[in-house]
Structure formats: structure tokens, C-alpha cells
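The exercises below ask you to read helix packing, domain contacts and overall dimensions from a set of coordinates. Work through each task before turning to its solution.

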Amino acid sequence: MTRVSIEVNGTVEELDVPPRLLLADLLRDRLGLTGTKIGCAMGACGACTVLLDGAPVRACLMFSVQANGRSVRTIENLANEAGELHPLQRALREHHGLQCGYCTPGILMAIAPLLESGQPLEPDAVREAIAGNLCRCTGYDTIVDAVVEASRP
Amino acid sequence: MNDWPLYAQRRWAGKRVQRLEDPGMLTGATTYVTDVRLPRMLELAFIRSPAPNARIVSIDDEGARSVPGVRAVLGPEDLSHVHPTMDFVELDGALKTPRVTLPGDRVRYVGEPLAAVVGDDRYAAEDGADAVIVALEPLDDHEPIHDGIPGDRYFGQAAAYGDVDATFARAEHVVRRRLAFQRVVTSAIETCGIVADYDAAGEELTCYLSTQMPHLARAALAEALGLPVSHVRVICPAMGGAFGGKEVMLPEYLCAAAAAIRLRRPVRWVEDRSEALTAGAHGKEAGAELEAAFDGDGRLRAIRSRFVSDTGAYSSGIGAYVEFMVAAFTVPGLYRLDGYAYDTGGIVSHKAPLSPFRGVGMTTSQTVREVLVDDAARALGIDRMELRRRNLVADGPWQTVLGEHYEPGSWRTAFERALELIDYESFLERQAAARTDGRLLGVGVSPFVEAAGLGSAGGAGGLPGTSHDNATVSIDLSGRITVALPTFSHGQGHRTTAAQLVADMFAVAPEDVRVLDGDTARTPFGMGTFGSRSGVFIAGTVSGAGRIVRDKLLRVAEVLLEAAYEDLELVDGTVGVRGAPSRRIPLAALSGAAHFAPHVRAELGDPTLTATAFFDPPRPTHSNGTIAAVVEVDPGTGGVKIERIVVVEDCGTMLNPTIVEGQIRGGVAQGVGLALLERYVYDGAGQPQTTTLAEYLLPRATDLPTIEIEHLETPSENGTAGIKGMAEGPASATPAAVVCAVFDAIAPHSDAIHELPLRPETIAAALATP
């Protein structure tokens with residue numbers, strides 16, 4: 001067991017973890033944050049994307065110990081404290097950018113930092129940006145539309 | 001059937017209502033099967049066969065038992081009380097392939113479960129699995145895969161409609177096409193899983209389970225485990241996609257359930273992606289051959305088809321049969337034929353068992369037929385679209401050469417509209433100009449019909465069909481309405497569409513309707529969600545149950561308002577007297593009176609504000625449409641870029657056009673994957689070669705263009721409220737559009753291609769042929 005200290009969604013968590021425990025499993029099994037999904041456990045589908053110090057990473061490709069001393073933000077923390085949806089969450093709903101919803105947390109966490117730059121995004125750039133996230137339901141169009149709209153001031 | 005007069009209003013049905021299920025999914029709050037965690041829960045991992053065909057010499061689990069965190073190892077003898085599973089197809093001459101949960105004698109495919117280890121967590125269970133030593137002795141490939149199935153062909157059927165041989169003998173042109181449709185994997189982003197929990201006091205087994213059909217899964221679990229159905233509960237809280245891949249009772253589920261009963265602790269198994277790709281829900285593999293007889297003027301007179309589907313080591317559920325039977329039965333499609341003959345069948349092999357996959361059977365028949373029509377046009381020197389015009393069915397009802405009655409559809413209108421949207425004539429000019437620059441452009445057009453909402457009146461592909469579906473509508477003391485569905489939504493948005501229907505029936509808002517599904521303890525018996533059936537069955541059952549409860553409400557109001565029944569109306573969550581706005585009673589007060597007011601109860605006799613109604617459609621519904629694709633092929637690499645995809649879709653009355661469009665887009669994307677990317681590969685020794693998502697290629701956002709959609713609306717005669725089932729048509733018709741477009745771009749080199757998908761190397765090799 002290794003002692004780690006990880007800030008998760010603004011709260012510092014002190015945990016004893018086996019060195020091989022994946023960050024995705026720590027979030028889901030130890031902290032009960034099951035909003036982070038696992039689709040392939042090898043970095044190919046993007047369902048487990050979380051923010052590590054503000055940048056998107058695959059939580060299935062990281063050991064928990066690698067997150068020691070760093071901050072992790074998950075889907076549970078994307079809406080604000082009052083429970084109001086993030087503009088990207090709202091846009092995804094308005095455009096029907098989700099069906100089964102399983103890939104949705106990963107897509108939201110992959111795209112959210114991109115929006116914070118404040119630059120309007122063009123459809124092709126959005127397609128490139130979500131090309132690391134697999135969705136089997138939507139055909140991506142409505143996700144692209146949602147992100148483009150959310151990126152406009 | 002027109003049930004709309006029963007509805008108080010048409011305010012929500014048909015509108016683009018935002019989905020009620022979305023907020024939980026967008027915030028990570030929705031609990032999926034693989035998110036379920038129970039106190040004292042253990043996890044299970046499998047030891048799987050590394051060999052495709054071998055005798056099991058021994059399974060030594062001694063080492064595993066001493067691995068830290070391992071709680072139990074289950075081998076074949078521990079599961080011997082579990083009854084084998086078998087397909088439930090009843091056809092003359094069908095040979096069965098009973099499946100033992102953990103076979104003790106031999107293995108038949110790579111990935112077949114041999115034993116299971118239960119540990120404190122998945123890490124411990126996998127450590128244990130690594131410590132199990134299995135000795136296998138390779139078996140001779142000439143031995144039958146199953147006893148009693150010589151030649152490995154477990155079912156075959158041939159039939160002819162019309163005088164096919166004479167028509168071919170008279171034909172001026174006979175065109176043939178052979179095409180192998182590849183094996184693919186359904187690949188829902190959430191893999192399969194189960195959390196099994198046995199309550200020893202109540203003798204009840206509760207399984208949180210990935211399934212499209214909770215009630216049928218409940219019955220299958222009970223049957224296999226020897227429990228009364230009453231003592232089994234299946235819950236599917238939410239599910240991350242299925243596409244046909246979550247219909248079969250898996251041996252993995254039975255193992256986990258048996259382990260939970262034995263250990264008296266909850267046991268969880270979640271399929272990892274490599275398990276899903278190696279031994280999960282594969283689909284679609286079929287070899288197809290078509291030949292068509294044409295007159296000199298391009299009239300298509302008859303078709304002969306031959307399908308052989310390699311459906312893997314076992315025929316499970318209904319999946320294997322639907323692949324090759326539906327393929328054979330859907331060849332006529334929207335073409336007028338005097339004669340049709342098929343010869344279709346399935347063989348077992350040392351591959352993973354085939355599961356249904358969206359557009360089952362239809363995808364193969366549609367693709368090979370449309371490719372054949374294009375081949376014929378080129379052979380006859382007739383424009384490809386003109387040849388279709390000469391042979392497509394006219395709008396309206398139609399009876400196929402097989403005797404199937406299509407309800408009215410916009411068959412030709414959809415086709416012509418797709419050509420307009422794609423601007424076919426201008427495209428031909430652009431294509432010719434591009435050719436002179438060495439650029440290869442192509443267009444493909446795929447008109448389709450989709451039979452859906454299959455009930456007892458018609459099974460798919462000539463298979464015996466039956467169904468049993470109910471919904472329950474209740475009004476509680478708060479005046480809110482709860483509807484429990486026979487279906488199970490896993491992306492299709494039923495929480496929203498069912499609420500839209502109920503809201504209009506009772507003149508409330510969709511938010512005031514609670515929709516329940518995915519739990520056998522909270523829903524009446526129903527078949528679940530598959531085969532584009534849910535819209536038809538939700539509307540039918542909900543209309544039926546709602547009508548009874550609505551009648552009761554009006555009778556309560558009749559007593560309280562002392563007004564005539566026919567003068568009453570439902571408005572804004574109240575019942576009132578028509579033309580007297582001051583005399584209205586809210587649903588909550590009506591419900592309270594039905595529950596507790598003695599004079600109301602006496603008047604009503606049975607005051608229960610709950611009703612369950614059964615529905616079985618008189619005939620299938622038939623939605624239709626046309627997909628058109630424009631592509632450019634790179635003459636050097638053989639790579640394909642899709643420039644446009646246009647969809648014209650007609651599914652009758654739409655409950656929610658946004659959700660319909662979602663089904664179209666998702667289906668088209670899967671179709672593009674089948675046409676260009678996805679293929680599951682076994683090497684010559686039966687070893688899987690595409691066991692990760694790095695080798696098995698699913699469509700990504702950059703692989704797809706914007707999908708352009710236009711609706712037509714020919715209301716159903718068979719579905720309640722004009723609704724036609726849809727969701728598989730666009731998926732199954734898209735590969736034909738894309739393949740025909742690529743073949744158009746590279747013609748005549750397309751004659752050298754006999755297999756899908758159209759990978760760059762396949763196309764480049766064809767372009768290199770003389």
C-alpha cells in the first residue's frame with residue numbers, strides 16, 4: 001500500500017492504495033465517483049477522461065500513485081455548486097448529443113478545457129478534438145453541433 | 001390504427017421535447033449496470049480458453065486458492081447443476097447446440113470460459129485466474145464441433161416463390177454477385193456486466209444485468225438455475241448501448257449468479273474490452289451470392305439468393321438464425337419480382353457465437369442486392385438510378401413475391417427525393433469532369449424498407465414469431481402519473497417519448513409523468529427492446545392502459561361534479577365540464593376521492609386508478625427511406641473520403657423527431673463502420689487477431705461527414721397512432737449506399753472485390769487489377 005494525497009473535485013483525499021490501482025478504479029471503486037466510465041481500459045475509447053491539473057487524461061492509463069499531489073476533476077464537478085449545468089452540458093442536451101450517455105462524461109471532460117480558451121470552434125476542429133472519444137450511438141454530428149454552439153460567445 | 005381521439009390533446013407528442021433522462025447522464029449521476037456496487041460485493045474473473053478446439057485434460061486451481069484476496073474458484077463440476085442453454089428456435093430440421101456453462105470436456109472457441117475465480121476485487125480475481133493451470137490437448141479439426149451435426153451445418157432451408165427457373169431460362173441478361181459480409185462486433189461502449197445478489201432469507205436472486213429484455217432474461221436465469229421465476233428479479237438501471245448484443249443469456253452471467261448463491265455474497269462480473277472483442281457479441285458474418293434475371297428493357301424478373309452464415313461455436317438465443325433467415329427473406333426489398341428463390345443456412349465453427357446486431361440479416365441482403373442492381377445497370381448499359389426506377393414498387397401498399405404485405409409507404413417518393421437532395425444529375429457531370437483530372441468520385445443510392453413492430457402476427461425471416469407486452473398506468477395520491485413499460489430504453493429516450501404520450505392522454509406535462517422500465521419487479525411482462533419494436537409497443541400498451549385509467553378518472557369526476565360523462569374533459573391536469581372553466585377538479589383530488597371517498601368508491605365498484613393492458617399489433621409496420629452517399633476514392637492509397645450522406649426517412653407519425661434523427665445518425669455511423677472500417681479477424685488457426693480497439697476500428701468523429709436528414713410521413717395502418725418502428729433501416733441500408741458509391745468511383749475494378757469492409761488495401765488491390 002502507498003499513501004497518496006489527491007485533490008478530487010476540490011477535496012483532498014488521503015488514501016492508502018496498492019501501487020497498481022488505476023486512477024479510474026480509485027475514482028469509481030474507492031471514492032464512488034462512478035460518473036467516470038471505463039470503456040476499454042487501454043486508452044482507445046476516451047470514456048474515462050478526467051482533468052488532471054486542468055488537462056484531459058485517460059484515467060484508465062494512469063496509476064493512482066501518479067496522481068499523488070495533483071488535482072483531479074471529474075464529471076461530478078462539471079455543473080456548478082448550485083447544480084446548474086455547464087454550458088457544454090446544456091448544449092449537449094439541446095442538440096441531442098447523447099443517447100445512452102455512457103461516453104458522455106468522457107466527451108464533456110475532453111472538451112471542457114478547450115472551451116475555456118474562449119475561442120469559437122469550427123466543426124472540423126471539434127471533430128479532431130473528439131476523435132479520441134468513441135460514441136457508438138450518435139454518429140457525432142449532434143455532439144459537434146453542441147460544442148460549436150457552446151464555443152460561441 | 002388511430003388512437004388520437006382518446007388523447008386529451010396533441011401538445012407534446014410529435015414535438016422536439018428535450019430528453020428527460022439527460023440531466024442524470026450529463027452529470028455522471030445515472031447509475032449504469034457496471035456502476036452498481038453492493039456491500040460485501042466480490043468480483044469474478046474468468047479463465048478462458050487459449051485454444052479454438054481442444055479437449056480439456058485438467059484444470060488445476062490449487063495455486064489460485066492461495067492467492068491473496070481469492071475467495072473461491074469455480075470449475076465445471078461446481079456449475080454442473082446449471083442447465084445448459086439452447087436456442088429457442090422451433091423449425092423442422094433445426095439441430096441444437098446445447099451450451100454447458102463451463103464445459104468440462106472440450107472447448108470450441110478461443111475465449112470460451114473454462115473456470116472462474118472470485119476475489120475481493122477484480123485485481124485479486126485476475127491474480128487468481130493467472131494462477132489456474134489449464135491443460136488442453138488439441139483436437140482434430142475434422143471432428144464434428146457438436147455431436148449430431150455432421151458437416152457442421154445445423155440448419156438449412158430452401159424455397160422458391162413463382163416460377164423462378166423458367167424466368168431465368170427466359171431472361172435476356174443474368175447478373176451475378178458474390179459478396180462476403182464480414183464478422184463484426186456490436187461494441188456498445190459499456191460492455192456487458194452483472195451484479196448478482198442472493199437473499200437467502202427470501203430465497204430471491206436479484207441480478208443487476210446488462211440486457212435488452214429484462215423479463216426474458218429473468219425467465220432464462222430461472223430456467224438455467226432451477227429457480228422459480230417468481231424468485232428471480234432482474235434490474236437494469238441504465239445501460240450504455242447494446243445494438244442487439246445484449247439479448248443472449250451468457251454463461252458468464254450464469255456463473256456469477258451461481259457464485260452469488262453459493263457464496264451468499266454479491267458477485268460482480270464486468271466484461272473487459274478484450275473479453276468483449278474476443279468472446280463477446282460478434283455479429284453479421286455471412287457469405288452471400290445473388291443472381292438476377294433481367295428482361296432486355298431492364299425489368300428485373302427474378303432473383304436467386306444463397307446465404308451461408310458462420311455463426312460460431314453455438315447457436316444462442318435467436319441470434320444465429322435471424323442473421324441468415326432475415327437475410328434470405330429481405331432480398332426482395334422494394335423491388336417488383338415475379339419469382340424469388342433462396343437457399344440459406346447456418347454452420348457452426350470454432351469462432352465466438354454470433355449475436356444479433358442492429359439490422360440483423362437485412363444489412364447483408366440490402367448490401368448485396370443494391371450492389372447487384374448497380375452491376376446490372378453497368379452490364380445492361382442503363383443508368384443505375386433509371387434501372388431502379390424501372391423496378392421499384394410504386395408508393396402505397398404492396399405484397400411481395402414472398403407474400404409479405406407492406407403497409408403504405410413512400411417507397412418511390414423517398415428515392416426520388418434523395419436523388420434531388422444529392423443532385424444526382426449534376427453529380428454525374430462533376431464526376432465525369434473529375435475523372436479527366438484523375439479523381440475518382442462515386443455515388444451510391446440505397447432505397448430500403450424496414451419491417452418492425454413484430455408481434456405474434458409475424459416473426460422475422462420466416463421464424464415463428466410471438467410476443468407478449470403490457471404497460472401499467474397508475475395515478476397516485478399526488479395526481480402524478482406513473483407508467484411502467486414492456487420495453488427497456490438504453491439510449492432510445494423512452495423516458496421522454498412515453499411521457500410525451502401519457503402527457504397528451506391526460507393533459508399534463510411530460511415532467512409530471514414518471515416512466516419506469518428495466519426492473520422486473522416494477523414493470524409488467526414485456527419482451528424488451530430490440531428490432532425497432534419499442535415505439536409501436538409503447539404506444540400500443542400505453543394507449544390501452546391509459547384509456548382504462550382515463551375512463552376511471554372521468555367517472556370519478558362524473559360523481560364529484562354531478563355532470564354527464566360526455567361533457568367532461570381533461571385540461572391542464574384537471575378534469576372539468578366542457579365550457580364551464582370554474583368547474584374543474586385537479587387530478588390529485590380525483591385520485592384522493594377514488595382512494596378514500598366512500599360514495600365515489602361505491603359508484604365506481606372498482607376504484608383502482610391502475611390498469612395494465614396487453615398489446616399485440618395486427619401486422620408489422622413498414623417504415624422506409626433512401627440513403628445516398630457521395631465518396632471520393634484516393635487512386636493511390638485506396639482510401640475513401642465520404643463527402644455527403646443524405647437520408648430520406650419515413651417512419652409514419654413521429655413521437656419526437658429529434659430522437660428519430662438520433663436513431664438515423666447513429667445507424668448511419670454504424671453502417672459506415674461496417675462498409676469501411678470494422679472487421680473481426682481470425683487467423684487460419686482460429687486465433688483472434690483484433691482483440692483491442694487499436695485493431696478493431698470503430699468509426700470516429702473524423703471518419704464521418706455531417707449526415708443530412710429529411711423526413712416524409714406516411715402514417716402507419718398497423719401501429720397505434722400512425723407510428724412505424726424505425727432504427728434499423730438506416731443502419732442496414734447505409735453500407736449499400738457507401739459500397740455502391742465506392743464501386744461507382746472505381747468501376748469496373750469493383751468486380752474484383754468480393755468482401756467487406758472496403759479497406760484501403762482492398763480498394764488499392766482492386767484498382768491494380770487489369
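**Exercise 1: a helix pair**

Task: state which residues of α13(B) and α14(B) meet, and then describe the geometry of the pair.

Solution. In α13(B), the residues B:H494, B:T497, B:A498, B:L501, B:V502, B:M505 and B:F506 meet B:S534, B:I538, B:A539, B:V542, B:G546 and B:R550 of α14(B), where a contact requires C-beta atoms, placed from the backbone, to lie within 7 Å. Helices are DSSP runs of H or I with at least four residues, strands are runs of E with at least two, and both are numbered from the N terminus. By class, the residues of this contact divide into eight nonpolar, four polar and one charged, with Ala, Val, Leu, Ile, Met, Phe, Trp, Tyr, Cys and Pro counted as nonpolar, Asp, Glu, Lys and Arg as charged, and the others, Gly among them, as polar.

Next comes the geometry. The axes of α13(B) and α14(B) come within 10 Å and cross at roughly 35 degrees; such axes are lines fitted to C-alpha atoms, for helices over the stretch in contact, with angles running from 0 to 180 degrees between N-to-C directions.

The model is predicted, with local features needing pLDDT of at least 70 and side-chain atom pairs counting only at pLDDT 80 or more, while totals for chains, interfaces and linings use all residues. Residues are numbered from 1 along each chain as its sequence is written, and chains are lettered from A and ligands numbered from 1 in the order in which they are written.

**Exercise 2: a domain contact**

Task: place the same two helices in the contact of domain 1 of chain B with domain 3 of chain B.

Solution. An automatic or database assignment gives the domain bounds, and in chain B domain 1 covers 4-30 + 468-615, whereas domain 3 covers 282-401 + 409-459 + 618-767. In this contact, 21 residues of domain 1 of chain B touch 21 residues of domain 3 of chain B. On the domain 1 side, α13 (494-506) and α14 (534-561) of chain B each supply at least two residues, and α14(B) gives the most, with six residues. That side divides into eight nonpolar, ten polar and three charged residues.

**Exercise 3: the whole chain**

Task: why does the radius of gyration of chain B agree with that of a compact globule?

Solution. For 770 residues a compact globule would have a radius of gyration near 27 Å, and chain B has 28 Å, which agrees; the radius is taken over C-alpha atoms, and the globule rule is 2.2 Å times the number of residues to the power 0.38. Along its principal axes, the C-alpha trace of chain B spans about 90 × 70 × 45 Å.

Definitions and conventions. Two residues are in contact if their C-beta atoms, placed from the backbone, lie within 7 Å.
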